[in-house]
Amino acid sequence: MTHLHSPSSAAIEGEANVYSKPRILLHWLSAAVILWATFSGFGVALLDANHPFRQWVESFNPQITSLFIPFFAWRLWLAIKAAPHLRHNTQERLASAAHMALYAAISGVLITGILMMTHPVTLIALITLPQLIHSNVALLGLHQLHHVLCAVLAGLVALHLAAVVMHQVRGKSVLGRMLPNG
Ligand code: HEM
Ligand code: HEM
């Protein structure tokens, strides 16, 4: 489809979608945090509950993902400001809907994560996030919801990576748009 575009419309399309430096930086920071939390979170479930690496991951991950929240909020703000709903091209709209689904899943995972904590979280010995929910039934439900949303997020990330590869194979480099000199 894209190869039918005239050079001028391709140029306009490209120009409209160049990501700013902060958005590029925030994208790669998010990718690192989310891929780490997903692989390590699901990965340590295979280890014994008392395994030192599992215990380290379960104490480190809530801290790193909580610290990530302000960066995610900044990123979400920049994405909303870019007004993707104003796009007219169908393919652009589809990509934008997929990106919004990623943002929704990340928001859900962060909110359930914070709410499900059974003890306060001390962030790099500076700030302490209190335990917010004390009802055991609610905590169990939140744990299950966090688990399901993490799986949904992992599925969306897999689709996202498949889309990047698919575009690359078809000869339309979208990766370049997420690189500082792209
Ligand atoms: C980037 C966002 C996050 C991702 C991708 C993520 C991912 C995961 C994954 C994959 C698991 C394992 C799920 C399971 O086996 O049931 C998990 C468990 C958990 N997460 Fe998150 N998480 C995120 C944010 C948070 C936040 C913000 C907190 C709390 C401040 C948190 C607290 C927890 C806790 C307490 C567990 C359960 C560990 C256990 O079983 O004892 N997560 N997370
Ligand atoms: C190594 C892994 C990753 C690669 C290679 C990658 C690549 C890309 C590329 C090339 C784009 C630009 C697409 C375009 O505009 O045509 C993009 C955008 C985007 N990516 Fe990724 N990505 C990765 C991981 C992730 C992860 C883990 C997430 C979050 C769960 C994510 C969320 C997004 C979002 C929301 C956008 C839309 C642009 C924005 O709002 O900043 N990506 N990615």
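Select ligand 1 and its iron atom, for which the protein supplies a single donor, NE2 of His146, at 2.2 Å; donors here are N, O and S atoms within 2.8 Å of the metal (3.2 Å for Na, K and Ca), and because water is not among the atoms, sites may look incomplete. The model is a predicted one, in which local features need pLDDT of at least 70 and side-chain atom pairs count only at pLDDT 80 or more, while totals for chains, interfaces and linings use all residues. Residues are numbered from 1 along each chain as its sequence is written, chains are lettered from A and ligands numbered from 1 in the order in which they are written, and side-chain values use heavy atoms, with hydrogens and water left out.

Stay on His146, which belongs to helix α5; helices (H or I, at least four residues) and strands (E, at least two) are DSSP runs numbered from the N terminus. A polar side-chain atom of His146 also lies 2.9 Å from a nitrogen atom of ligand 1, and for His147 such an atom is 2.5 Å from an oxygen atom of the ligand.

Next, display the shell of ligand 1, where 19 residues surround the ligand and the closest are Thr65, Val109, Gly113, His146 and His147; a residue is counted as near if one of its heavy atoms lies within 4 Å. Helices α2, α3, α4 and α5 each provide at least two residues of this shell, and α2 gives the most, with five. By class, the shell of ligand 1 holds 10 nonpolar, eight polar and one charged residue, where Ala, Val, Leu, Ile, Met, Phe, Trp, Tyr, Cys and Pro count as nonpolar, Asp, Glu, Lys and Arg as charged, and the others, Gly among them, as polar.

Now move to ligand 2 and pick its iron atom. Which protein atoms are the donors of this iron atom? They are NE2 of His27 and NE2 of His160, lying 2.0 Å from the metal. The two histidines bring together distant parts of the chain, since His27 sits in helix α2 and His160 in helix α5, 133 residues apart. With six donor atoms and angles of 88 to 180° among them, the site is octahedral, a label given to six donors if opposite ones are over 155 degrees apart and all others between 65 and 115. For comparison, the ideal angles for six octahedral donors are 90 or 180 degrees.

Select His27 alone, and it counts as buried because its relative accessibility is 12%, whereas His160, at 24%, is partly exposed; buried means under 20% relative accessible area, exposed over 50% and partly exposed in between, with a 1.4 Å probe and protein chains only. Leaving aside neighbours within four places in sequence, His27 is in contact with Arg75, His160 and Met178, contact meaning heavy atoms within 4.5 Å.

Then show the surroundings of ligand 2, made up of 21 residues, the closest being Tyr19, His27, Tyr103, His160 and Arg177. Side-chain N or O atoms of Tyr19 and Arg177 lie 2.5 Å and 2.6 Å respectively from an oxygen atom of the ligand. The shell of ligand 2 has 15 nonpolar, three polar and three charged residues.

Finally, zoom out to the whole protein, whose secondary structure comes to five helices and two strands, running α-α-α-α-β-β-α from the N terminus. Of the 182 residues, 28% are buried.

Notes
A polar contact is a pair of N or O atoms within 3.5 Å; within protein, one must be able to donate a hydrogen and the other to accept it, and residues adjacent in sequence count only if both atoms are side-chain atoms. Four donors count as tetrahedral if all angles lie between 85 and 135 degrees; four count as square planar and six as octahedral if opposite donors are over 155 degrees apart and all others between 65 and 115; anything else is irregular.
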